[in-house]
Amino acid sequence: MSDGIMKRMGLIFKSKANKALDRAEDPRETLDYSYQKQLELLQKVRRGVADVATSRKRLELQLTQLQQQSAKYEDQGRKALSLGREDLAREALTRKSNMQSQITDLQVQYEQLQGEEEKLTLASQRLQAKVDAFRTKKETIKATYTAAQAQTRIAESFSGISEEMGDVGLAIQRAEDKTAQMQARAGAIDELLASGALDDASGLGRKDDIEAELERVAGGSDVELELARMKAELTGGSPAAQPAIEQGRPGAQDKQDNPGTINYNK
């Protein structure tokens with residue numbers, strides 16, 4: 001199979017899949033899903049703020065302890081000097097100095113965490129505002145979509161273009177077309193049977209050649225009788241013309257040959 005055919009098949013499959021997904025997609029469900037994802041993101045940001053705040057608080061406690069210990073070393077140095085123990089005072093001040101570097105490092109870390117906490121708190125507040133605005137817009141869109149959907153269904157029901165009504169309309173149209181086709185076929189068969197172009201296979205109503213000839217002669221006799229009547233009217237109904245007319249009628253010769261025969265056609 002060539003690459004062109006494969007690409008074409010892939011395009012057809014994607015287009016049909018996209019159409020099927022578009023039919024199956026409900027904008028209200030999509031909006032709810034998006035809102036749920038935003039809530040999850042907001043929760044993550046809030047947890048981040050809580051974690052940073054916890055770390056900041058831990059550093060704050062450590063910094064407080066170090067500051068208290070530094071103040072204690074300073075008090076010990078003063079007390080050692082008052083007692084004339086310069087060596088103890090020097091040791092206390094040395095420990096204070098070492099601890100002061102730790103305090104400085106903790107203060108830097110504390111300030112950094114405090115800055116991060118402020119940024120995350122601000123981001124959380126902004127995200128909360130966006131989520132609230134999205135929720136309001138989501139509910140508005142859902143309500144509008146639901147109303148439009150109901151209005152469309154009502155309009156389609158009245159106009160008969162909905163999918164269900166369309167199916168009913170097609171069924172009616174097919175029934176009418178089939179009925180008209182059967183009527184036309186029946187009429188055509190009747191015409192063919194009447195004209196003799198089509199034989200009656202059942203034998204019912206079939207006429208032999210003698211009966212057909214008799215009907216033809218009878219039809220011709222009726223024409224002759226009608227013609228004689230018209231001639232009689234034109235001649236004023238003259239008795240002299242009547243025998244001549246009668247001579248043209250079928251059976252007139254038989255009447256002359258046998259006068260005693262009673263004519264039952266009168």
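Is E60 buried, exposed or partly exposed? In this predicted model, E60 comes out as partly exposed, with a relative accessible area of 25%. That puts E60 above the 20% mark under which a residue counts as buried. Its salt-bridge partner R56 lands on the other side of that mark: at 16% relative accessibility, R56 counts as buried. The side chains of E60 and R56 meet at 3.3 Å, N to O. Both residues belong to helix α2, four places apart, or about one turn of the helix. That spacing fits a general point: an α-helix has 3.6 residues a turn, so residues three or four places apart point the same way.

Before going further with R56, a quick look at the whole chain helps. The secondary structure amounts to seven helices and zero strands, and reading along the sequence gives α-α-α-α-α-α-α. Of the 266 residues in the chain, 14% are buried. Among contacts with a separation of 6 or more, 71% are between residues 24 or more positions apart. Much of what follows concerns two of the helices, α2 (residues 27-82) and α3 (residues 86-159). Helix α2 runs for 56 residues and spans 82 Å from its first C-alpha to its last, close to the 82 Å expected at 1.5 Å a residue. After α2 comes G84, with a positive phi near 80°.

Back to R56, which has a second acidic partner. R56 also forms a salt bridge with E117, and here the closest N and O atoms are 2.3 Å apart. Since R56 lies in helix α2 and E117 in helix α3, this pair ties together parts that are 61 residues apart in sequence. Both R56 and E117 are buried. Leaving out residues up to four places away in sequence, R56 touches Y110, L113, Q114 and E117. So R56 has one salt-bridge partner within its own helix, E60, and another across in α3, E117.

These two bridges belong to a wider set, as a search of the whole structure finds 15 salt bridges. Another of them joins the side chains of E91 and R95, at 3.2 Å from N to O. E91 and R95 are four residues apart in helix α3, which means about one helical turn between them. Both ends of this bridge are partly exposed: E91 has a relative accessible area of 40%, and R95 sits at 42%. Elsewhere, salt bridges that share partners link D32, K138, E139 and K142 into one network.

K138 turns up again in an aromatic setting. Its charged end sits over the ring of Y35, 5.1 Å from the ring centre. Y35 is itself buried, at 16% relative accessibility. How many aromatic pairs does a search of the whole structure find? The search returns one. Y35 and F134 make up that pair, and the rings are stacked, with 6.4 Å centre to centre and 15° between the planes. Y35 lies in helix α2 and F134 in helix α3, so the pair ties together parts that are 99 residues apart in sequence. The backbones tell a matching story: the C-alpha atoms of F134 and Y35 are separated by 7.2 Å. Not counting residues up to four places away in sequence, F134 touches L31, S34, Y35 and Q38.

Nonpolar side chains also link the two helices. The largest nonpolar core has eight residues in all: L59, L63, L66, Y73, M99, I103, L106 and Y110. Helices α2 and α3 each supply at least two residues of this core. In general terms, nonpolar side chains tend to be buried together in soluble globular proteins. One core member, I103, is in contact with L63, L66, Q67 and S70, leaving aside its neighbours within four places in sequence. Another member, Y110, is among the residues that R56 touches. Apart from this core lies another, of six residues, including L42, V45, V49 and L127.

Put together, α2 and α3 are tied by the R56–E117 salt bridge and by the Y35–F134 aromatic pair, and each of the two helices contributes to the largest nonpolar core.

Technical notes. Residues numbered from 1 in each chain as written. Predicted model: local features only at pLDDT ≥ 70, side-chain atom pairs only at ≥ 80, totals over all residues. Heavy atoms only, no water. Buried < 20%, exposed > 50% of the residue type's maximum accessible area, 1.4 Å probe, protein only. Contact = heavy atoms within 4.5 Å. Expected span 1.5 Å × (residues − 1). Phe/Tyr/Trp six-rings, centres within 6.5 Å; stacked < 30°, edge-to-face > 60°. Lys NZ or Arg CZ within 6 Å of the ring centre and 35° of its normal. Salt bridge = Lys/Arg side-chain N within 4 Å of Asp/Glu carboxyl O. Core = buried A, V, L, I, M, F, W, Y, C linked by side-chain atoms within 4.5 Å.
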